[in-house]
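Me: I would like to learn how to read a fold feature by feature. Can we work through one together?

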Amino acid sequence: MEEIKVDEKEALACCGSSQFAKQMALASPFPSVDHAISVAKDIWFDKVDVIGWLEAFAAHPQIGESPSSHTTSAQWSKGEQSTALATATDSGLQELSDWNARYRQKFGHVFLICASGRSAAEILGELKNRYSNRPIHELEIASQEQMKITELRLRKLFSAKTKADSTGSQYSTAVASKAEKERVGIIGQHLTAPLEGFPAKAPQVQARTRPPITTHVLDVSRGSPAAGIEVRLEMWKSSQPRPSFGETDIGGWVLEGCSTTDRDGRSGQLMSIVDALSPGVYRISFNTGKYNPGGFFPYVSIVFEIKDTQKFEHFHVPLLLSPFSFSTYRGS
């Protein structure tokens, strides 16, 4: 399969951040849509700043409103909201509009959700649930939803480009002379005959563009990224297969890497970029006491397990921190 090129305008239709579009165009062409999506996630979460995120959010119409322009992005938005618009009553659309206004006033940007296949009632329920979030937490959720939309649009873009290439190929074949087609057929038989009986190639795993385990820290009390926090990543390597709750685990943890969060709250590289991650138990620790001397936590450690079936996946383990509370989740 030929590599597919994505230019800046096409990337901008998939995600309205100019930073994202420029980086995608530079990384083009792509051997497959899955590889393009992997690169897109790396760019969106590790290279686009908060200003770029907000620019992408602003490119979306308000949920419940039909896009007014005829750009590719607008038409995709219309299709993504089709189920919501089809299932909404007049009173439902008005309630959506009212809650959208309340959301924008609190968070400063449109309510973002991957609306494809969702009814108006589902979207309204999710909007109400997320309205109670802290702004910095909601920013992270919105960025995840934007990536879902970007992935959906990249798949549409690649599908359209593949169909266009196929149509052109069919046209070229149709206008070829009968003699040319016969020669091609004979040559094709000779080329494919010796391949019979050989096993099919195993599907290739896409090469990573970033370490398989990453993190960032958001200070929810200040509503900003937490810069300057020391981070350590360790893996459990001991005769005991895994650490157990309530038992001493001194000596079982081996350092994979350490770093300090930058001004965007992202840590540097904590481990090597490997295609297959070693399955096992990992611990990521943050020196929160140094960052918040008057806080409740001298440090925070998060222990998680990666199964053998997950070794080709990406694990993003962020920390949402305040002086007297913290939370985490598995992102991608």
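Reply: What follows is a short dialogue on a predicted model.

Me: Where do we start? How many helices and strands does the protein have?
Reply: Eleven helices and ten strands. The chain has 332 residues, and 41% of them count as buried.

Me: What share of the contacts between residues at least 6 apart in sequence join residues at least 24 apart?
Reply: That share is 68%.

Me: Now the interior. What is the general idea?
Reply: In soluble globular proteins, nonpolar side chains tend to be buried together. Here the largest nonpolar core has 35 residues. F20, M24, W44 and F158 have the most contacts inside it.

Me: Which helices each supply at least two residues of this core?
Reply: α1 (8-14), α2 (18-27), α3 (33-46), α4 (50-58) and α9 (135-175).

Me: Where does this core lie relative to domain 1 and domain 2?
Reply: It lies between them, because domain 1 (8-163) and domain 2 (213-328) both give residues to it. There is another core apart from this one, with 23 residues. V217, L277, I306 and L321 are among them.

Me: Take F20. Which residues is F20 in contact with, leaving aside neighbours within four places in sequence?
Reply: A11, C15, A40, I43, W44, V48 and T150.

Me: Next, sheets. How should I read strand pairing?
Reply: Strands of a sheet pair through backbone hydrogen bonds, either parallel or antiparallel. This model has an open sheet of four strands with mixed pairing. The order is β3-β2-β9-β10.

Me: Which strands stand at the edges?
Reply: β3 (224-225) and β10 do. Each has a single partner strand, so one side of each is left without a neighbour in the sheet.

Me: How does β2 meet β9, parallel or antiparallel?
Reply: Parallel. Strand β2 (residues 217-219) is joined to β9 by three bridges. L218 has L320 as its bridge partner in β9. D219 stands opposite L321 in that strand.

Me: And what about β9 and β10?
Reply: They pair in the antiparallel sense, over four bridges. S322 stands opposite S325 in β10. The two strands form a hairpin, with two residues between them.

Me: Are the two faces of β9 covered or open?
Reply: Covered, on both sides. Strand β9 spans residues 319-322. L319 and L321 are buried on one side, L320 and S322 on the other.

Me: How do I bring in a database annotation?
Reply: Treat it as a pointer to residues, then look at each in the model. An unreviewed UniProt entry carries the annotation "binding site" for H216, R266 and Y329. Of these, H216 and R266 are included in the lining of the largest cavity.

Me: Where does H216 lie?
Reply: In the loop between β1 (213-214) and β2.

Me: Why does H216 count as buried?
Reply: Because its relative accessibility is 6%, and buried means under 20%. Leaving aside neighbours within four places in sequence, H216 is in contact with E140, G265, R266, H316, V317, P318 and L319. L319 is one of the buried residues of β9.

Me: Give me another loop residue. Is N292 buried or exposed?
Reply: Buried, because its relative accessible area is 11%. N292 is found in the loop between α11 (288-291) and β7 (300-306).

Me: Which residues is N292 in contact with, leaving aside its neighbours within four places in sequence?
Reply: R222, L321, S322 and P323. Go back to β9 for two of these names: L321 and S322 are buried there, on opposite sides of the strand.

Methods:
Residues numbered from 1 in each chain as written. Predicted model: local features only at pLDDT ≥ 70, side-chain atom pairs only at ≥ 80, totals over all residues. Heavy atoms only, no water. Core = buried A, V, L, I, M, F, W, Y, C linked by side-chain atoms within 4.5 Å. Buried < 20%, exposed > 50% of the residue type's maximum accessible area, 1.4 Å probe, protein only. Domains from an automatic or database assignment. Contact = heavy atoms within 4.5 Å. Pairing = 2+ DSSP bridges. UniProt positions renumbered as here; feature names shortened; annotations may be inferred. 1 Å grid on protein atoms, 1.4 Å probe; cavity = no way out; pocket = protein on both sides within 12 Å on 5 of 7 lines; lining within 4 Å.
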